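Me: I would like a close look at one sheet in this structure. Please go through it strand by strand, then show me what the rest of the chain looks like.

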Amino acid sequence: DDRTWLIADSTRGARCWDLGTGKELTLRGIPRQYGGTVAVSREGSLLAIAGAPTIRVYSLDHRTLLATLPDHTGDADFNTTLTLAFSPDGRGRVSGGTDATAVLWNVAKRTRIAELSGHGNWVHSVAFNPSGTMVATASGDAIVRLWDARTGQHVQTLHGHRASVRD
């Protein structure tokens, strides 16, 4: 809802806040872990938390761990996943990282669909379009790339930014 916000905290993990009271809410059944970034599915039933060396996907309805996926490089000491997003239907997810790639995931099958490569710097931001058919990746190389969300095929490159693209 509009009164509850989930925030990644590099020292205390994913934290949930009630904006009306200003108090922290407990995420019962979801252990606090270091979270470099978090994402919640559109309908609010799934939570993904990236923290070295894994990306964990939880059911917020049942407070259970659904999947543990490898981080971008699997480095146990450094969170290499910088950004996460769920597809509009919640079945897909994309992550971007310090390895200059993005990865399309099938959440239910816990498998990689495709690795999206072509950036020359860290991928700082990822997003699906509203229909879930395209993915955008934004990077420190000042480029935005568009990809087919089903196949991972590169569709278009958007040039013209003068500095790192974040969102």
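Reply: What follows starts with the whole chain, moves to one sheet, and then turns to other parts.

This is a predicted model, so confidence comes first. The mean pLDDT of the protein chain is 83. Of its residues, 81% reach 70 or more. Confidence is lowest in strand E1, residues 4-9, with a mean of 67. Strand E14, residues 144-148, has the highest, at 97.

Now the overall make-up. The protein chain has 15 strands and 0 helices. It has 167 residues, and 46% of them count as buried. The chain exposes about 8,700 Å². Carbon and sulfur atoms supply 50% of that area. Look also at contacts between residues with a separation of 6 or more: 32% of these join residues 24 or more positions apart.

Here is the sheet. Four strands form an open sheet, in the order E4-E5-E6-E7. Their pairing is antiparallel. Which strands stand at the edges? They are E4, residues 37-40, and E7. Each has a single partner strand, so one side of each has no neighbour in the sheet. Neighbouring strands here are turned by 20° against each other on average, with direction ignored.

What holds such strands together? Strands of a sheet pair through backbone hydrogen bonds, and the pairing can be parallel or antiparallel.

Start at E4. It is joined to E5 by 4 bridges, and the two run antiparallel. Val38 gives you a point to find: it stands opposite Ile49 in E5.

Next comes E5, residues 46-51. It is joined to E6 by 6 bridges, again antiparallel. Find Ala50 here; it stands opposite Ile55 in E6.

Now stop at E6, residues 54-59. Is this strand enclosed or open? Of its 6 residues, 5 are buried, so E6 is largely enclosed by the rest of the structure. A general point helps when you look along any strand. In a regular strand, side chains alternate between the two faces of the sheet.

E6 also pairs with E7, residues 64-70. There are 6 bridges between them, and they run antiparallel. Tyr58 stands opposite Leu65 in E7. E6 and E7 form a hairpin, with 4 residues between the strands. In this hairpin, Arg63 takes a positive phi near 55°.

Now go further along the chain, to strand E8. E8 covers residues 81-86, and 5 of its 6 residues are buried. It is therefore largely enclosed by the rest of the structure. E8 pairs with E9, residues 92-97, over 5 bridges in the antiparallel sense. Thr83 has Gly96 in E9 as its bridge partner. E8 and E9 form a hairpin with 5 residues between them. Gly90, in the turn, has a positive phi of about 80°.

Thr83 leads on to His124, because the contacts of His124 include Thr83. His124 sits in strand E12, residues 123-128. Is His124 buried or exposed? Its relative accessibility is 16%, so it counts as buried; the cut-off for buried is under 20%. Which residues does His124 touch, leaving aside neighbours within four places in sequence? They are Leu82, Thr83, Ala138, Ser139, Gly140, Ser164, Val165 and Arg166.

Last, look at charged pairs. How many salt bridges does the structure hold? There are 3.

Take Asp89 and Arg91. The closest N and O atoms of this salt bridge are 2.9 Å apart. Asp89 is partly exposed, at 44% relative accessibility. Arg91 is exposed, with a relative accessible area of 58%.

Then find Arg112 and Glu115. In this salt bridge, the closest N and O atoms are 3.1 Å apart. Arg112 is partly exposed, at 37% relative accessibility. Glu115 is partly exposed too, at 44%.

Finally, Arg150 and Asp148 meet through their side chains in a salt bridge, 3.9 Å from N to O. Arg150 counts as exposed, at 66% relative accessibility. Asp148 counts as buried, at 18%.

Methods: Residues numbered from 1 in each chain as written. Heavy atoms only, no water. Buried < 20%, exposed > 50% of the residue type's maximum accessible area, 1.4 Å probe, protein only. Contact = heavy atoms within 4.5 Å. Areas by Shrake-Rupley, 256 points an atom, 1.4 Å probe, with all protein chains shown as cover. Pairing = 2+ DSSP bridges. Salt bridge = Lys/Arg side-chain N within 4 Å of Asp/Glu carboxyl O. Axes fitted to C-alpha atoms, helices over the stretch in contact; angles between N-to-C directions. pLDDT = per-residue confidence, 0-100.
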